[in-house]
Amino acid sequence: MLTPPRGLLTNGVVLVAVSGAVVLLGLMVRQWILIAGQVEKAQSLSAAEARRRRELEERNRIARELHDVVAHSMSVITVQAGTARYRIDGLGEQTEREFEDIAASSRQALGEMRSLLALLRTEESEGRLGTVPMPGLVDVGDLVEASRASGTQIACTDVAELSAVVEVPPTVGLVVYRVVQEALSNALRHAAGAAITVSITPDAPTSENPALLVEVANTAPSATTEAMPGSGMGLAGLRERVMSLGGAVAASPTDDGGYAVRARIPLTDPVPT
């Protein structure tokens, strides 16, 4: 029986030992990488959780401020307008209707405000947004009618007829409503006594990119009235709403001394980029 040389046996033992050490080192490095990845992931989750907690706390703070300032004031307006005919003697029928319209508008605004405040206070606000009733295209007529209660002359497209011939997604209808709402508010504040026209018409309804054209224009305001100040945040918010659907908004003075807000709002979802 042949005996392997002593040096060869020694080399084999050394080779096996080195190979085992290399394999063990590789396993240790792999385990260290896995542990490091898990630690990093845990740290990321902890940071994300802390960020979500801070965001929720900030939303709660904003909700409290809005409730204390806006919701309280709207409640007072609702109560005062609703009880005016019982508290004030000698009100005429027309004046009572004015107070009733004010109470109805403030109740609607208060209801929307409370719904939004509830969303601000929850982490699942995005998922719950679709469960909150929101106005749409068919509600534009009621909005215009409520605005006419201020005595302003407002001409408006027949939205009921438009809704019957054009299919408008709820998201688009909501944006159309908000555009008309903000533009009417601006006209009532800054152009008292002016006549207002609200136009909502389909643009290229048979093409691949159908849209609604919304225009709210007012004539020159009365020279004897003083415009109410504004922050400019309303139009900025409108641009964000419309652009989120792939549309565009333009607001500019008109040739007759008035002002116009024009928006093109696609009827289909924007193509992701």
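## A guided tour of the predicted model

Begin by selecting Glu93, which counts as exposed because its relative accessibility is 60%, above the 50% cut-off. The model on screen is a predicted one.

**Stop 1: a pair within one helix.** Keep Glu93 selected and add Arg97; their side chains meet in a salt bridge, with an N to O distance of 3.1 Å. Both residues belong to helix 3 (residues 93-120), and because they are four residues apart there, about one helical turn separates them. Arg97, at 43% relative accessibility, counts as partly exposed. The structure holds five salt bridges, and two others are visited next.

**Stop 2: strand 2 to strand 5.** Select Asp203 and Arg264, whose side chains form a salt bridge at 2.8 Å, N to O. This pair links distant parts of the chain: Asp203 is in strand 2 and Arg264 in strand 5, 61 residues apart. Asp203 is partly exposed at 22% relative accessibility, and Arg264 is likewise partly exposed, at 32%.

**Stop 3: strand 3 to strand 5.** Select Glu215 together with Arg262 to display a salt bridge of 2.6 Å, N to O. Glu215 lies in strand 3 and Arg262 in strand 5, so the pair ties together parts that are 47 residues apart in sequence. Glu215 has a relative accessible area of 29% and is partly exposed; Arg262 is partly exposed as well, at 37%.

**Stop 4: the nonpolar core.** Now hide the surface and select Val180, Leu184, Val198, Ile200 and Ile265, the residues with the most contacts inside the largest nonpolar core, which has 32 residues. Elements that each supply at least two residues of this core include helix 5 (140-148), helix 6 (159-165), strand 2 (196-203), strand 3 (211-218), helix 8 (233-244) and strand 5 (259-266). Helix 7 gives the most, with nine residues. In soluble globular proteins, nonpolar side chains tend to be buried together.

Which residues does Leu184 touch, leaving aside those up to four places away in sequence? Selecting its surroundings shows Leu143, Val144, Ser147, Ile154, Ile196, Val198 and Val216.

**Stop 5: a nonpolar patch on the surface.** Restore the surface and select Leu25, Val29, Trp32 and Ile33, which make a nonpolar surface patch of about 440 Å². Trp32 is found in helix 1 (residues 6-82). Is Trp32 buried or exposed? Trp32 is exposed, because its relative accessible area is 59%, and the cut-off for exposed is over 50%.

Technical notes. Residues numbered from 1 in each chain as written. Predicted model: local features only at pLDDT ≥ 70, side-chain atom pairs only at ≥ 80, totals over all residues. Heavy atoms only, no water. Core = buried A, V, L, I, M, F, W, Y, C linked by side-chain atoms within 4.5 Å. Buried < 20%, exposed > 50% of the residue type's maximum accessible area, 1.4 Å probe, protein only. Contact = heavy atoms within 4.5 Å. Patch = residues over 30% accessible without salt bridge, like charges linked within 9 Å, V, L, I, M, F, W, Y side chains within 5 Å. Areas by Shrake-Rupley, 256 points an atom, 1.4 Å probe, with all protein chains shown as cover. Salt bridge = Lys/Arg side-chain N within 4 Å of Asp/Glu carboxyl O.
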